[in-house]
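Here is a friendly walk through one chain, helix by helix. Have the model open as you read, and follow the residue names as they come up.

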Amino acid sequence: MQPPQFDGLTNWDDYLVQFELISELNGWSPDTKALYLAAGLKGQARAILSKLDAVRRRDFKELVTALGRRFGAASQTQLYKAIL
């Protein structure tokens with residue numbers, strides 16, 4: 001089973017839960033999870049990769065942290081406040 005792509009427009013927390021379940025189902029190592037997550041980014045979410053060095057973009061925890069900072073619930077609250 002393959003995880004869907006993440007474009008930054010859907011809820012990050014919901015996506016991460018689904019991604020973690022799929023990775024567990026497939027028995028992926030942390031390195032494999034990082035590669036699948038990075039390869040599945042598109043749109044504005046893909047831009048996160050260029051902000052990370054080569055080592056950090058292959059580290060699952062670092063990648064999740066960077067995506068969470070940009071697309072997690074806390075950053076979305078700030079975005080919606082700015083829009084209002």
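A good place to begin is the start of helix α4, where D59 caps the N-terminal end: one of its side-chain oxygens lies 3.0 Å from the backbone nitrogen of K61. Please keep in mind that this is a predicted model.

**The chain as a whole**

The chain holds five helices and zero strands, so its elements read α-α-α-α-α from the N terminus on. It has 84 residues, of which 36% count as buried. Among contacts with a separation of 6 or more, 52% come from residues 24 or more positions apart.

**Helix α4**

Helix α4 covers residues 60-71. With twelve residues, α4 reaches 16 Å from its first C-alpha to its last, close to the 16 Å expected at 1.5 Å a residue. Which residues of α4 are buried? They are F60, L63, V64, A66, L67 and F71. Because these residues cover an arc of only 165° around the axis, they lie on the same side of α4. The face turned away from that buried side carries the exposed residues K61 and R69. K61 thus appears twice here, as an exposed residue and as the one whose backbone nitrogen the D59 side chain approaches.

**Helix α1**

Helix α1 runs over residues 12-26 and has 15 residues; its span from first to last C-alpha is 21 Å, close to the 21 Å expected at 1.5 Å a residue. In α1, the buried residues are W12, Y15, L16, F19, I22 and S23. Their arc around the axis is only 130°, which means that they sit on the same side of α1. On the other side, D14, V17, L21, E24 and L25 are exposed. The cover over the buried residues of α1 includes α2 and α4.

A general point helps with reading these lists. An α-helix has 3.6 residues a turn, so residues three or four places apart point the same way.

Both ends of α1 have something to look at. N11 caps the N-terminal end, with a side-chain oxygen 2.9 Å from the backbone nitrogen of D13. After α1 comes G27, which has a positive phi, near 70°.

The two N-terminal caps can be set side by side:

| Helix | Capping residue | Backbone nitrogen of | Distance from side-chain oxygen |
|---|---|---|---|
| α1 | N11 | D13 | 2.9 Å |
| α4 | D59 | K61 | 3.0 Å |

Two residues of α1 deserve a closer look. D13 belongs to helix α1. D13 counts as partly exposed because its relative accessibility is 35%, between the cut-offs of 20% for buried and 50% for exposed. The C-alpha of D13 is separated by 8.4 Å from that of F71, although the two are 58 residues apart along the chain.

I22 is in helix α1 too. Is I22 buried or exposed? At 5% relative accessibility, I22 falls under the 20% cut-off and so counts as buried. Not counting residues up to four places away in sequence, I22 touches M1, Q2, P3, P4 and W28. For P3, which is 19 residues from I22 along the chain, the C-alpha separation is 6.4 Å.

**Helix α2 and its contact with α4**

In α2, the buried residues are K33, A34, L37 and A38. They cover an arc of only 125° around the axis, and therefore they share the same side of α2. D31 and A39 are exposed on the other side. The buried residues of α2 pack against α1, α3 (47-50) and α4.

Two packed helices are described by the angle between their axes and the distance between the axes. For α2 and α4, the axes come within 8 Å and cross at roughly 35°. P30, K33, A34, L37 and A38 of α2 make this contact with F60, L63, V64 and L67 of α4. Sorted by type, the residues of the contact are eight nonpolar, no polar and one charged.

K33 takes part in this contact. K33 is found in helix α2, residues 30-39. Why does K33 count as buried? Its relative accessible area is 14%, under the 20% cut-off, so K33 is buried. Leaving aside its neighbours within four places in sequence, K33 is in contact with F19, E20, S23, W28 and F60. Of these partners, F19 and S23 are among the buried residues of α1, while F60 is one of the buried residues of α4.

Technical notes. Residues are numbered from 1 along each chain as its sequence is written. This is a predicted model: local features need pLDDT of at least 70, side-chain atom pairs count only at pLDDT 80 or more; totals for chains, interfaces and linings use all residues. Side-chain values use heavy atoms; hydrogens and water are left out. Helices (H or I, at least four residues) and strands (E, at least two) are DSSP runs, numbered from the N terminus. Buried means under 20% relative accessible area, exposed over 50%, partly exposed in between (1.4 Å probe, protein chains only). Contact means heavy atoms within 4.5 Å. Axes are lines fitted to C-alpha atoms, for helices over the stretch in contact, and angles run from 0 to 180 degrees between N-to-C directions. Ala, Val, Leu, Ile, Met, Phe, Trp, Tyr, Cys and Pro count as nonpolar, Asp, Glu, Lys and Arg as charged, and the others, Gly among them, as polar. The expected span of a helix is 1.5 Å times one less than its number of residues. The arc is that of the directions from the helix axis to the C-beta atoms. A polar contact is a pair of N or O atoms within 3.5 Å; within protein, one must be able to donate a hydrogen and the other to accept it, and residues adjacent in sequence count only if both atoms are side-chain atoms.
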